[in-house]
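Here's a walk through one model, starting from a single proline and working outwards. Have the sequence and the 3D view open as you read.

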Amino acid sequence: MTFSQTMIRELRSLRVAVFHPADADRDELVLHIRRIGCTVYADWPIPSRPPRETDIALCLLSETGAALPDWPEVPLIAILEYESPVIVRSLLDSNAHGIVTKPIRAFGILSTLLLTRSLHRFGQRQKAKTDRLEETLRSRRLIDRAAEALAASGFGTLETCHQAIRRAAMAGRVTAASLAEDILAGKAVAAIEMHRKS
């Protein structure tokens, strides 16, 4: 099953929060989303935290230019009443992945829900990759600093110190990065000494 087929299949299980003053526009939007098959929760004003188990949130972007909520874990759709420099600036500064315009129409809501969820998932995957890469680089820098400190203390060449850190980490069933932190804190020199020539 393709990613797009999975997304469409999951549509009916989505829990959608709509944050908009109680009026005919909100009623219309809630009705269209329910027709798609989603569970809908509506409220106003926008809370500081999203309701539990929210899969997508639609939030009115206020004419005052008040910021949309910063909820990285929830895909966000901005509801726009009109366009102005203040509104557009707020939209660009937000983490919104889609927009719905007023007056509310049925056309486009399904596509916006799907596209917003897809873009948000893509962003989450990219963030996870970036986080892993940053952690790898951080670990590598720690290990390099620890090896340099050992080499400067006369433990041997830089390569010998790197090998000793790896061996000691494996023997102690810890990560090389955590061992490097201990070395830099002066807590693991004995373990490294034991594995320097092994």
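## Starting from Pro69

Pro69 sits in the loop between β3 and β4 (76-80). Helices here are DSSP runs of H or I with at least four residues, strands are runs of E with at least two, and both are numbered from the N terminus. Keep in mind that this is a predicted model, in which local features need pLDDT of at least 70 and side-chain atom pairs count only at pLDDT 80 or more, while totals for chains, interfaces and linings use all residues. Residues are numbered from 1 along each chain as its sequence is written, and side-chain values use heavy atoms, with hydrogens and water left out.

Is Pro69 buried or exposed? With 11% relative accessibility, Pro69 counts as buried. The cut-offs are under 20% relative accessible area for buried and over 50% for exposed, with partly exposed in between (1.4 Å probe, protein chains only). Setting aside neighbours within four places in sequence, Pro69 is in contact with Ile46, Cys59, Leu76 and Asn95, where contact means heavy atoms within 4.5 Å. Pro50 is 19 residues from Pro69 in sequence, and their C-alpha atoms are 8.7 Å apart in space.

Leu76 also turns up in the surroundings of Thr116, a residue of helix α4. Thr116 touches Pro75, Leu76, Ile77, His97 and Gly98, not counting residues up to four places away in sequence. Thr116 is buried, at a relative accessible area of 0%.

## The overall layout

Stepping back, the protein has seven helices and five strands. Along the sequence they follow the pattern α-β-α-β-β-β-α-β-α-α-α-α. Of the 198 residues, 37% are buried. Among contacts with a separation of 6 or more, 54% are between residues 24 or more positions apart.

## Two helix pairs

Which residues does α2 use to meet α4? Leu29, His32, Ile33 and Ile36 in α2 meet Ile109, Leu110 and Leu113 in α4. Helix α2 (residues 24-36) packs against α4 at an angle of about 70°, and the axes are 10 Å apart. That makes the two helices, α2 and α4, roughly perpendicular. By class, the residues of this α2 contact with α4 are six nonpolar, one polar and no charged.

A word on the terms: axes are lines fitted to C-alpha atoms, for helices over the stretch in contact, with angles running from 0 to 180 degrees between N-to-C directions. Angles under 35 degrees count as roughly parallel, over 145 as roughly antiparallel, 65 to 115 as roughly perpendicular, and the rest as oblique. For residue classes, Ala, Val, Leu, Ile, Met, Phe, Trp, Tyr, Cys and Pro count as nonpolar, Asp, Glu, Lys and Arg as charged, and the others, Gly among them, as polar.

The other pair is α5 (residues 158-171) with α6 (residues 176-184), whose axes come within 9 Å and cross at roughly 110°. So α5 and α6 are roughly perpendicular to each other too. Ile165, Ala168 and Ala169 in α5 meet Ala176, Leu179 and Ile183 in α6. The residues of the α5 contact with α6 divide into six nonpolar, no polar and no charged.

## Backbone oddities

Most residues other than glycine have a negative phi, and most peptide bonds are trans. The exceptions below are worth a look in the viewer.

| Feature | Value | Location |
|---|---|---|
| Glu53 | phi near 60° | loop between β2 and β3 |
| Arg173 | phi near 55° | loop between α5 and α6 |
| Trp44 and Pro45, cis peptide bond | omega about 0° | Pro45 in the loop between β2 (39-43) and β3 (56-60) |
| Lys102 and Pro103, cis peptide bond | omega about 0° | Pro103 in the loop between β5 (98-101) and α4 (109-152) |

Glu53 is exposed, at 53% relative accessible area. Arg173 is exposed as well, at 80%.

## Cysteines

How many disulfides does the structure hold? Zero, taking a disulfide as a pair of cysteine sulfur atoms within 2.5 Å. Cys38 is buried, with a relative accessible area of 6%, and Cys161 is buried at 2%.
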